[in-house]
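Let's take a close look at one part of this model and build up from there. Have a look at it before we start.

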Amino acid sequence: MPARICSAVAAAAMAALIAMPASAGDFRLTSPDMPDGRMPAAQVLSAAYGFGCDGGNRSPALTWEGAPAGTRSFVLTAHDPDAPTGIGWTHWVVANIPADAQGLDTGASGDATRLPAGAVETRTDFGVPGYGGACPPEGREHRYVFTLTALGIEALPVATPEAMPALIGFFANAHALGKAVLEVRYGR
C-alpha cells in the first residue's frame, strides 16, 4: 500500500475512534424504479458482459430524505452479499455526492452530466467504474443492497475512478453519520 494511502488510512482510523456516529433518525433511501422490492430488467446486466444476462444495465433512480444533521456528503454503494465469491460482489460505488443532492436519475451512471457536481464513480468488482447490473447464477434469488452513507466530511480524499470498493467503504465508515438502506431482490 503506498505511503500516502497508509497515512490516509491511519488518519481515517483515528477519526473513527474519536467520532461517534449520530442517529440516522428518519434517513430513508427509495427507488421509483424498484417500488416492489424487485430489480426490473432495465437494471439487470447487459449481454455485453458475458455473464448470461440480457438486461438494460441502467443504474436505477434513487431518492433520499432525512439525512442526519451535519451531513456534508454521501457515498452510495450497491452490493450483492449472496454472490458466490465468499465476499459478495460490489455493483456500484458513487462517492462525494454533495450534501444538497436528493437523488440520482435513472441511467445517471456513466454520464457525468447526469451525476451531481463533484460526484465520482469508482471501480466496482467488475474492475471498472460505473454501474453493473444484477446477474446472479441461475437458481435462488440474490439480495441487492443499496446503501447511502451520510458523511461528516465534504469529500473522501481517496475517491478517484481507480479506487477500489473496500477502500471507499473503509473511509466512508470512518466518517459515517448514518446509513439508509434499500434492499431489492433478483433471480433467474
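Q: In what order do the elements of the protein chain run from the N terminus on? Then please zoom in on the open sheet: what order do its strands have, and what lies across strand 8?

A: A quick word on the ground rules. This is a predicted model, where local features need pLDDT of at least 70 and side-chain atom pairs count only at pLDDT 80 or more, while totals for chains, interfaces and linings use all residues. Residues are numbered from 1 along each chain as its sequence is written, and side-chain values use heavy atoms, with hydrogens and water left out.

Now the running order: from the N terminus on, the elements go α-β-β-β-β-β-β-β-α-β. That comes to two helices and eight strands (DSSP runs numbered from the N terminus: helices are H or I with at least four residues, strands are E with at least two).

On to the sheet. It is open, has five strands in the order 6-4-3-7-8, and its pairing is antiparallel (two strands pair if DSSP finds at least two bridges between them). The edges are strand 6 (120–121) and strand 8 (176–186), each of which pairs on one side only. In general, strands of a sheet pair through backbone hydrogen bonds, either parallel or antiparallel.

Strand 3 (residues 73–80) is a good place to stand and look both ways. On one side, seven bridges join strand 3 to strand 4 (residues 89–98). Seven bridges also join strand 3 to strand 7, again antiparallel. T77 shows both pairings nicely: T77 stands opposite V93 in strand 4, and opposite T147 in strand 7.

Carry on towards the edge and you find strand 7 pairing with strand 8 over 10 bridges, in the antiparallel sense. One example there is L151, whose bridge partner in strand 8 is A176. Strand 7 is mostly covered, with nine of its 10 residues buried (buried means under 20% relative accessible area, exposed over 50%, partly exposed in between, with a 1.4 Å probe and protein chains only). Over the protein chain, buried residues make up 46% of the 188 residues.

Strand 4 has a little oddity of its own. N96 sits in strand 4, and its phi is near 60°, a positive value in a residue other than glycine. Most residues other than glycine have a negative phi. At 11% relative accessibility, N96 counts as buried.

So what lies across the sheet? Helix 2 (residues 165–174) lies across strand 3, strand 4, strand 7 (142–151) and strand 8, and runs at about 135° to strand 8 (axes are lines fitted to C-alpha atoms, for helices over the stretch in contact, meaning heavy atoms within 4.5 Å, and angles run from 0 to 180 degrees between N-to-C directions).

Helix 2 and the sheet also share the lining of the largest pocket. Strand 3, strand 4, strand 7 and helix 2 each supply at least two lining residues, and helix 2 gives the largest share, six residues. The pocket holds about 310 Å³ of space. Of the 15 residues that line it, the closest to its centre are T77, T90, P165, G169 and N173. There is one cavity of 30 Å³ or more as well, and the largest cavity holds about 40 Å³. Strand 3 and strand 7 each supply at least two residues of that cavity's lining, which includes A78, H79, Y144 and F146. For both terms, think of a 1 Å grid over the protein atoms alone: a cavity is a set of points where a 1.4 Å probe fits but cannot get out, and a pocket is an open set with protein on both sides within 12 Å along at least five of seven lines; lining residues have an atom within 4 Å of a point. Points are joined across faces, edges and corners, and a volume is the space filled by probe spheres set on them.

Finally, a link just outside the strands. The whole structure has one disulfide (a pair of cysteine sulfur atoms within 2.5 Å): C53 and C135, with sulfur atoms 2.1 Å apart. C53 is in the loop between strand 1 (28–30) and strand 2 (62–65), and C135 is in the loop between strand 6 and strand 7, 82 residues apart. Both C53 and C135 are buried.
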